[in-house]
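Please walk through the model shown here, one feature at a time, with the structure open.

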There are 2 protein chains.
Amino acid sequence: MRVLGVDPGLTRCGIGVVESRGHKTLTMVDCGVIRTDAETALELRLLQLSDELEIWINKYKPDVIAVERVFSQLNVRTAMATGQAAGVALVLAAKSGLPIALHTPSEVKAAVSGSGRADKKQVALMVTKILGLSQAPKPVDTTDALALAICHHWRGEGGKRITSAVAKERARLKSLKRIK
Amino acid sequence: MRVLGVDPGLTRCGIGVVESRGHKTLTMVDCGVIRTDAETALELRLLQLSDELEIWINKYKPDVIAVERVFSQLNVRTAMATGQAAGVALVLAAKSGLPIALHTPSEVKAAVSGSGRADKKQVALMVTKILGLSQAPKPVDTTDALALAICHHWRGEGGKRITSAVAKERARLKSLKRIK
């Protein structure tokens, strides 16, 4: 199974692709970060995020997309930007017809480090160990996304958001379009 | 000029289409609200919002899409949901290649009522008067969206987010795809 983890963000959106091979071994397929320029118009930043995320999905053809479920943010402004980025990622994932799973930051931390309160450094260290990497990928958004993908592998199908539900919804909306 | 106003929201997203005919007269073309069920999975709610918004855009072929620029929300949870809905609306608008304008709630209130602190009831009353309607459309998300469209008509091209900028960005991203 191949999981594409997305740590949503407008300035930096972390991506991590992790595959399970054989029994329990997890391997990193690729990881990176989508950056958008704060000087660019908001809708173009979101469009860029959507387009680049689509490239990742098409390139790595994951079986599942795991997105961080965020609600605890330090301030409302950050929450809004993260929300916009998460919204874009979720719609794109839903459109791809792939199963989607949402995991909270504390679920992710607990999965990789045993503690829901682990800090980012600790998460990065554990991701490096679990995936057998020689050093932690940078920036930290990347290790967060990899941790999310690992969390999904270990928690199993968790979210249970399956393709058929998306297909059903799309069929409903298509029939809506025919009516209008 | 025809403006489609979007008051982003996950549970209720207001839509208002307003056209200028002749000199200064503004006419309501249509208005409504996109509702998504809180019981449905988040990504499917966002997908539904995106799909239904697309129907509105295709049906009314606006010259401009005006989206409320939101950052002041009472709590982080609401901010996240609004952010997700706004993100979806903005990407869809950007993909449509139409010019996009963002107006803050206080700009909208000031445009229709003369005060940036007008309440929703006051805004609804003014929208009804300005558009020459016999009564205020319900729910209030609808009048908020109409107010946004009116605001855009009266502020002129305000945001100056033009089609060419979107086209340029899309060309850049397409060349990116070729490289990958």
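Helix α1 of chain A, residues 42-60, holds both Trp56(A) and Tyr60(A), which are 4 residues apart, about one turn of the helix. In this predicted model, the rings of Trp56(A) and Tyr60(A) form a tilted aromatic pair, with 5.7 Å from centre to centre and 35° between the planes. The class follows from the angle, because planes under 30 degrees apart would count as stacked and planes over 60 as edge-to-face. Over all chains the count of aromatic pairs comes to 2.

Lys61(A) belongs to the loop between α1 and β4 (64-68) of chain A. Lys61(A) is not a glycine, yet its phi is positive, at about 40°. Most residues other than glycine have a negative phi, and most peptide bonds are trans.

The peptide bonds also call for a look. In chain A, the bond from Lys138(A) to Pro139(A) is cis, with omega near -10°. Pro139(A) sits in the loop between α4 (120-130) and α5 (140-155) of chain A. In chain B, the bond from Lys138(B) to Pro139(B) is cis, with omega near -10°, and Pro139(B) is placed in the loop between α4 (120-130) and α5 of that chain.

Next comes the sheet of chain A. Its 5 strands form an open sheet with mixed pairing, in the order β3-β2-β1-β4-β5. Strands β3 (25-35) and β5 (100-103) of chain A stand at the edges with a single partner strand each, so one side of each has no neighbour in the sheet. With direction ignored, neighbouring strands of this sheet are turned by 20° against each other on average. Strands of a sheet pair through backbone hydrogen bonds, either parallel or antiparallel. In chain A, β1 (residues 2-7) and β2 (residues 12-21) run antiparallel and are joined by 6 bridges. One residue to locate is Arg2(A), whose bridge partner in β2(A) is Glu19(A). Helix α1(A) lies across β1, β2, β3 and β4 of chain A and runs at about 155° to β3(A).

Chain B has a sheet to trace as well. Here 5 strands form an open sheet in the order β3-β2-β1-β4-β5, again with mixed pairing. At the edges of the sheet in chain B are β3 (25-35) and β5 (100-103); each has a single partner strand, so one of its sides is left without a neighbour. The twist from one strand to the next averages 20°. Strand β2 (residues 12-21) of chain B runs antiparallel to β3(B), and 10 bridges join them. Glu19(B) has Thr27(B) in β3(B) as its bridge partner. Helix α5 (residues 140-155) of chain B packs on this sheet, where it touches β1 (2-7), β2, β3, β4 (64-68) and β5 of chain B. The direction of α5 makes about 35° with that of β2(B).

What remains is the internal space. How many cavities of 30 Å³ or more does the structure hold? There are 3 of them, and the largest has a volume of about 100 Å³. Residues of chains A and B line this largest cavity, among them Ser50(A), Val88(A), Lys95(A), Ser50(B), Val88(B) and Lys95(B). The elements that give two or more residues to its lining are α2 (76-96) of chain A and α2 (76-96) of chain B. By class, the lining has 6 nonpolar, 4 polar and 2 charged residues. The lysines Lys95(A) and Lys95(B) are part of this lining, and lysine counts as charged.

Technical notes: Residues numbered from 1 in each chain as written. Chains lettered and ligands numbered in written order. Predicted model: local features only at pLDDT ≥ 70, side-chain atom pairs only at ≥ 80, totals over all residues. Heavy atoms only, no water. Pairing = 2+ DSSP bridges. Axes fitted to C-alpha atoms, helices over the stretch in contact; angles between N-to-C directions. Contact = heavy atoms within 4.5 Å. 1 Å grid on protein atoms, 1.4 Å probe; cavity = no way out; pocket = protein on both sides within 12 Å on 5 of 7 lines; lining within 4 Å. Points joined across faces, edges and corners; volume = space filled by probe spheres on them. Phe/Tyr/Trp six-rings, centres within 6.5 Å; stacked < 30°, edge-to-face > 60°.
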